[in-house]
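Biologist: Please show the structure, and let us then discuss it by question and answer.

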Amino acid sequence: MVGYDANQSAPKSVYAVSGAASGFITRTLTQPLDVIKIRFQLQVEPITRGATSSKYRNVAQAFQTIVREEGILALWKGTVSGQALSVVYGLVEFGTFEALQRKLGSLQLTDNPRSPMSYFLCGSVAGMTATLAAHPLDVIRTRFVGQGKRKVYSSIVQSIYLIQRREGFRGFYRGLLPALLQTAPTSGFIFALYLHFQTMYRNLSGTSTTQAHSCKY
């Protein structure tokens, strides 16, 4: 169960590890779509079916082109840095959210730590904290995925060295501000809506909070 509950006994590390594991599995399944998304973002030419001058014109065509020119494994380019990103992000986000929720409950800073507003605020802070921790990995992942046949970066260690040498420490945090502006409301709404729909389910089904916590799927 995510969020504050005075009766729960699970350590905070359980939530952090669960978040890391879910991030790892999700990244493995969705990495090909992330590769195609970044190729679209880096392409200057229009992404339309009729644009003959464009290398990538739609998702299906981009998928076929990448596999034909670079091989099936190209769809998982940047997967090591991507996995590191997802694991760190999930670990920090869920760990921070749980820590904030428990702190609110123990210090009695609010009458109801499990209110949608509490979840939104804790989720926003957790998302921004995770973004700060994982953003350098996101930069490295994007550099790897954006490579075509001509490779600039051959390994994570080499990419860290080149970025540091050419761009300095700030190079690892390129695009941080828009990332934070996106993550804060997104994470906040995810956790708040999670609570909302869980509460809606309990109200409709007549399930108690204790039963909901012990529910097996």
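Modeller: For the classes used below, Ala, Val, Leu, Ile, Met, Phe, Trp, Tyr, Cys and Pro count as nonpolar, Asp, Glu, Lys and Arg as charged, and the others, Gly among them, as polar. The model is predicted, so local features need pLDDT of at least 70 and side-chain atom pairs count only at pLDDT 80 or more, while totals for chains, interfaces and linings use all residues. Residues are numbered from 1 along each chain as its sequence is written, and side-chain values use heavy atoms, with hydrogens and water left out.

Biologist: How many charged residues are in the lining of the largest pocket?

Modeller: A pocket is found on a 1 Å grid over the protein atoms alone, as an open set of points where a 1.4 Å probe fits, with protein on both sides within 12 Å along at least five of seven lines; lining residues have an atom within 4 Å of a point. The lining of the largest pocket comprises 37 residues. By class, 13 are nonpolar and 16 polar, and the charged residues number eight.

Biologist: Which helix gives the most residues to the lining of the largest pocket?

Modeller: Helices are DSSP runs (H or I, at least four residues), numbered from the N terminus. Those that give two or more residues to this lining are H1 (12–42), H3, H4 and H6 (176–205). The one that gives the most, with 10 residues, is H1.

Biologist: At which residue does H4 bend?

Modeller: A straight helix of 30 residues would span 44 Å (1.5 Å times one less than its number of residues), yet H4 (residues 116–145) spans only 37 Å between its end C-alpha atoms. The bend is the angle between axes fitted to the seven residues ending at a residue and the seven starting there. In H4 this angle is about 55 degrees, with Pro136 following within four residues, and the bend is at Ala134.

Biologist: How far apart in sequence are the parts that Arg141 and Asp34 tie together?

Modeller: Arg141 forms a salt bridge (a side-chain nitrogen of Lys or Arg within 4 Å of a carboxyl oxygen of Asp or Glu) with Asp34. Arg141 lies in H4 and Asp34 in H1, so the pair ties together parts whose separation in sequence is 107 residues.

Biologist: Is Glu70 buried or partly exposed?

Modeller: Buried means under 20% relative accessible area, exposed over 50%, and partly exposed in between (1.4 Å probe, protein chains only). Because its relative accessibility is 22%, Glu70 counts as partly exposed.
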